[in-house]
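This report covers salt bridges and one strand hairpin in a single chain. The sequence and structure are shown first.

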Amino acid sequence: MFRCPYCEFSGKRSEVHNHLAESHADTLGTRVDEFTGHTFFIVTCPVCGASYEQVTKKARRDPSFVSEYEHEIRLVVFDLLLYHLQGEHNLPSPPSPLPMGEG
């Protein structure tokens with residue numbers, strides 16, 4: 001069971017993934033590389049502050065690309081966050097073993 005790192009929502013990984021893209025887009029940052037003109041979406045881990053960037057190369061050639069595929073872009077960026085939480089913070093934590101005699 002995964003828990004949203006920003007609120008109390010929990011569910012399967014795919015459910016939390018979709019929840020993040022739908023409910024927490026405001027946590028993502030963007031920047032445009034002044035040399036290449038590429039747009040980057042930035043996600044910052046709420047646990048440790050590590051940041052990850054995802055480039056959207058097509059946005060340079062097609063300014064409507066970001067608005068047209070905004071949800072899909074958010075899914076890609078939040079996938080980075082979920083993999084980070086799993087790899088660096090061991091989330092979701094494995095369930096605690098039940099005490100002897102229970103379960």
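Two strands count as paired if DSSP finds at least two bridges between them. The model discussed here is predicted.

**The hairpin of S3 and S4**

Strands S3 and S4 meet that condition: they pair in the antiparallel sense over four bridges. One of the bridge partnerships joins Thr30 to Phe41 in S4. The hairpin has six residues between its strands, and Gly37 takes a positive phi near 80 degrees there.

His38 also belongs to this part of the chain, being placed in the loop between strand S3 (29–32) and strand S4 (39–44). Is His38 buried or exposed? Its relative accessible area is 15%, and because the limit for buried is under 20%, His38 counts as buried. Leaving aside residues up to four places away in sequence, His38 touches Arg31, Val32, Asp33, Val55, Lys57 and Arg60.

**Salt bridges**

How many salt bridges does the structure hold? There are five. Side chains of opposite charge can pair when their charged atoms come close. Three of the pairs are set out below with the distance between N and O atoms.

| Pair | N to O distance |
|---|---|
| Arg13 and Asp79 | 3.0 Å |
| Arg31 and Asp33 | 3.8 Å |
| Arg74 and Glu70 | 3.4 Å |

Arg13 and Asp79 form a salt bridge. This pair links distant parts of the chain, with Arg13 in helix H1 (residues 13–23) and Asp79 in helix H4 (residues 70–89), 66 residues apart. Asp79 is partly exposed, at a relative accessible area of 21%.

Helix H4 also holds both Arg74 and Glu70, which are four residues apart, or about one turn of the helix. Which of these two partners is buried? Arg74 has 14% relative accessibility and counts as buried, whereas Glu70, at 35%, counts as partly exposed. The two values fall on either side of the limit, because buried means under 20% relative accessible area.

The side chains of Arg31 and Asp33 meet in a salt bridge, and both residues are linked with Glu53 in a network of salt bridges. Arg31 is partly exposed, with a relative accessible area of 32%. Arg31 and Asp33 are also among the residues that His38 touches, and the buried His38 thereby connects the description of the hairpin loop with that of the salt-bridge network.

Notes: Residues numbered from 1 in each chain as written. Predicted model: local features only at pLDDT ≥ 70, side-chain atom pairs only at ≥ 80, totals over all residues. Heavy atoms only, no water. Salt bridge = Lys/Arg side-chain N within 4 Å of Asp/Glu carboxyl O. Helix = DSSP H or I, 4+ residues; strand = E, 2+ residues; numbered from the N terminus. Buried < 20%, exposed > 50% of the residue type's maximum accessible area, 1.4 Å probe, protein only. Contact = heavy atoms within 4.5 Å.
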